[in-house]
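Me: Could you take a close look at one part of this model for me? I'd like to hear about one chain, and then how the rest sits around that chain.

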Amino acid sequence: MIAFIFPAFTHDYKNHPGSELPGFHDSFNSLLNKASIEFEPRVKHFNFQDNTFLDDELLSQYITYIYSCASAEALRKTSVIPDIAAGYSMGIYAALADAGSISFIDGLRLIEQAFLSIATKTSGTRFAMGTVIGLDLHDLLKIIHAAGNSLEITNQNSTHSFVLSGICKEIEIALALASEEGALHTKLLKVTVPYHSRFLEEAAYAFLAFVKEIPIEPASTHLISLIDQQWFSSPGEIVWELTRNLYFHLNWYKTQQYLLGIGIKSFIECGPSKGLVKNAKFIEGNYTFSSLDSLVV
Amino acid sequence: MARITENTRKEVKEIIYVFFADECEVDKSQINDNTNIIKDLDGDSLMFLELIEVFKKKYNLDIELKTIGKYAVKHPVQTIGQLVDMQMLIIEHENRLLELDK
């Protein structure tokens, strides 16, 4: 069984993994053109070498989404069809578009509206996210308590890899403490939004009002939630998943383990990142986790 | 504690060279002890973590990741040669690695 996993927003498109995938560029250029005509004219200026463009958080999110949709489209054209799919963090929009639940353009509208809702409800406070690799959960919890009360572990990627969200200053303190405690790697992520934390609850309900206006069809692919590892497919379930995805904690480690348990043997990272492929080396099991470039014969 | 033999260093070096050649998609002949892991090979911390797991399994090591992390803060590794040296210390001293600084 094959799983398409749609990655979160990224800011790096150099050496992108879809470059050699048959049909990728046709799909990407076609979707980019459609997005520029029907939604946001500025996206047509994107090119893979231009990093300046990627300094704009929202435009960059559009490109990740377009890229992910194009990846899935190119794979389907070569008869690589998923049995199940998951949207990792903000990859949920591409997962829904690929499953036929939302139109391609409505996916862009949802990304824009989520961004605007979050910006309105979190203005005035400097938030951040960070990653810590090399400590276990017990050690990290002690650090979080010492660093400040805004911090939450908002995702676990493997036994020793975690994502934190909270107020920027406290994230910085936590990362410094984690390094002192022996973390092999810490990094402040290039985002100003504390995704998947309680700080986005208000924004999520503002976003919900918009989500309810979007036409949503039942998903044609089985979709799994990273929040509680439950399947969702009906329009009502999708509306709720889109809403809570902004402020509920995720657990990718648990999700991948669950998928392995039900017999998924082949995972494909459908997007510009290879982060989940790298992470998979730390999750044991008899399976393959492929990036787009590794699928090229 | 793993038993260090004459061949251990050779073995460790070979594993590290093959690992980075494979992970970074470069020919093994292009790697030497002075090769900078980040600048020359575009390596990252996940590779370092993966390599630690390889050695933990191979030599049945009793060492916590955070012990290695604390040691690495004081003794940063930049080149392949430095990584071989550190790995030898890890194999030899395991969880007593930090006692080397006392």
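Reply: In chain B of this predicted model, residues 24 or more positions apart account for 69% of the contacts with a separation of 6 or more. As for what makes those contacts, chain B has 4 helices and 0 strands, and from the N terminus on the order is simply α-α-α-α. The radius of gyration of chain B is 13 Å, close to the 13 Å that the globule rule gives for 102 residues, so chain B is as compact as a globular protein of that length. If you'd rather picture a box, the C-alpha atoms of chain B fill one of roughly 35 × 30 × 20 Å along the principal axes. Of the 102 residues in chain B, 22% are buried.

Now for the place where chain B meets chain A. Each chain puts in 13 residues: 13 from chain B and 13 from chain A. On the chain B side, α2 (45-59) and α3 (65-74) each supply at least two residues. The largest share comes from α3(B), with 8 residues. Sorted by class, that side of chain B has 7 nonpolar, 3 polar and 3 charged residues.

Over to the partner. Chain A is divided into domain 1, which takes in 2-122 and 197-295, and domain 2, which covers 127-188. So you can place them, the C-alpha centres of these two domains of chain A lie 25 Å apart. The domains do touch: 12 residues of domain 1 of chain A are in contact with 11 residues of domain 2 of chain A. On the domain 1 side of that contact there are 6 nonpolar, 5 polar and 1 charged residues.

While chain B has 0 strands, chain A has an open sheet of 6 strands with mixed pairing. Reading across that sheet in chain A, you pass β8-β7-β2-β1-β9-β10. The edge strands are β8 (231-232) and β10 (288-290) of chain A, and each of them pairs on one side only. Strands of a sheet pair through backbone hydrogen bonds, either parallel or antiparallel. Take β2 (residues 84-87) and β7 (residues 222-224) of chain A as a worked example: the two run parallel and are joined by 2 bridges. If you want to find that pairing on screen, start at A:Ala85, whose bridge partner in β7(A) is A:Leu223.

Note on methods
Residues are numbered from 1 along each chain as its sequence is written. Chains are lettered from A and ligands numbered from 1 in the order in which they are written. This is a predicted model: local features need pLDDT of at least 70, side-chain atom pairs count only at pLDDT 80 or more; totals for chains, interfaces and linings use all residues. Domain bounds come from an automatic or database domain assignment. Two residues are in contact if their C-beta atoms, placed from the backbone, lie within 7 Å. Ala, Val, Leu, Ile, Met, Phe, Trp, Tyr, Cys and Pro count as nonpolar, Asp, Glu, Lys and Arg as charged, and the others, Gly among them, as polar. Two strands pair if DSSP finds at least two bridges between them. The radius of gyration is taken over C-alpha atoms; the globule rule is 2.2 Å times the number of residues to the power 0.38. A residue is buried if 20 or more other C-beta atoms lie within 10 Å of its own, exposed if 12 or fewer, and partly exposed in between; C-beta atoms are placed from the backbone.
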